Amino acid sequence: MSRRFDETPTVRVIAIEEHFSNSAPQSADALASLRLHPQLAHVQQRLEDVGRRRLRDKDAAGIDVQVLSHG
């Protein structure tokens with residue numbers, strides 16, 4: 001595939017720092033403790049969501065590709 005000289009190359013934004021670990025007992029305990037803190041209760045839901053809401057957030061932030069790793 002060739003690109004014309006007058007075309008501007010597309011810059012992609014890739015998030016590579018993303019990871020999740022909801023199966024480890026330590027992670028489950030830490031996430032469960034977030035529920036007890038009024039200002040942080042929403043964090044658990046956001047951390048565990050690897051579906052639609054995360055995709056909406058990434059789209060809103062201008063991220064084209066997200067690399068998730070299971071820790």
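Two residues are in contact when heavy atoms of theirs lie within 4.5 Å. With that in mind, welcome to a short tour of this predicted model.

**Figure 1. The whole chain, a predicted model with three helices and four strands.** Start at the N terminus and follow the elements in the order β-β-α-α-α-β-β. The chain has 71 residues, and 14% of them count as buried. About 6000 Å² of surface is exposed, with carbon and sulfur atoms supplying 56% of it. Contacts also reach far along the sequence: among those between residues at least 6 apart, 58% join residues at least 24 apart.

**Figure 2. Confidence along the chain, from β2 to helix α3.** The mean pLDDT of the protein chain is 76, and 70% of its residues reach 70 or more. Where is confidence lowest, and where is it highest? The lowest mean, 62, belongs to β2, while helix α3, residues 52-60, has the highest, at 90. Where pLDDT is low, the predicted coordinates should not be read in detail.

**Figure 3. A nonpolar surface patch that includes Ile-16.** Four residues make this patch: Ile-14, Ile-16, Val-65 and Val-67. Together they form a nonpolar area of about 360 Å². Look for Ile-16 in the loop between β1 (14-15) and β2 (19-20). Is Ile-16 buried or exposed? Ile-16 counts as exposed because its relative accessibility is 65%, and the cut-off for exposed is over 50%.

**Figure 4. Lys-58, a buried lysine in helix α3.** Find Lys-58 in helix α3, the element with the highest confidence in the chain. Why does Lys-58 count as buried? Its relative accessibility is 15%, and buried means under 20%. Now look across to Ala-15, which is 43 residues away from Lys-58 in sequence. In space, the C-alpha atoms of Lys-58 and Ala-15 are 8.8 Å apart.

**Figure 5. Arg-46 of helix α2 and its contacts.** Arg-46 sits in helix α2, which covers residues 41-48. Which residues does Arg-46 contact, once its neighbours within four places in sequence are left aside? The partners are Arg-53, Arg-54 and Asp-57. For one of these, Asp-57, the C-alpha atom is 9.9 Å from that of Arg-46, and the two residues are 11 apart along the chain. Arg-46 is partly exposed, with a relative accessible area of 36%.

**Figure 6. Asp-64 in the loop between α3 and β3.** Here the view moves to Asp-64, found in the loop that runs between α3 and β3 (65-66). Which residues does Asp-64 touch, not counting those up to four places away in sequence? They are Val-11, Arg-12 and Val-13. Asp-64 and Val-11 are 53 residues apart along the chain, yet their C-alpha atoms are separated by 9.3 Å. With a relative accessible area of 43%, Asp-64 is partly exposed.

Note on methods
Residues numbered from 1 in each chain as written. Predicted model: local features only at pLDDT ≥ 70, side-chain atom pairs only at ≥ 80, totals over all residues. Heavy atoms only, no water. Patch = residues over 30% accessible without salt bridge, like charges linked within 9 Å, V, L, I, M, F, W, Y side chains within 5 Å. Areas by Shrake-Rupley, 256 points an atom, 1.4 Å probe, with all protein chains shown as cover. Salt bridge = Lys/Arg side-chain N within 4 Å of Asp/Glu carboxyl O. Helix = DSSP H or I, 4+ residues; strand = E, 2+ residues; numbered from the N terminus. Buried < 20%, exposed > 50% of the residue type's maximum accessible area, 1.4 Å probe, protein only. pLDDT = per-residue confidence, 0-100.
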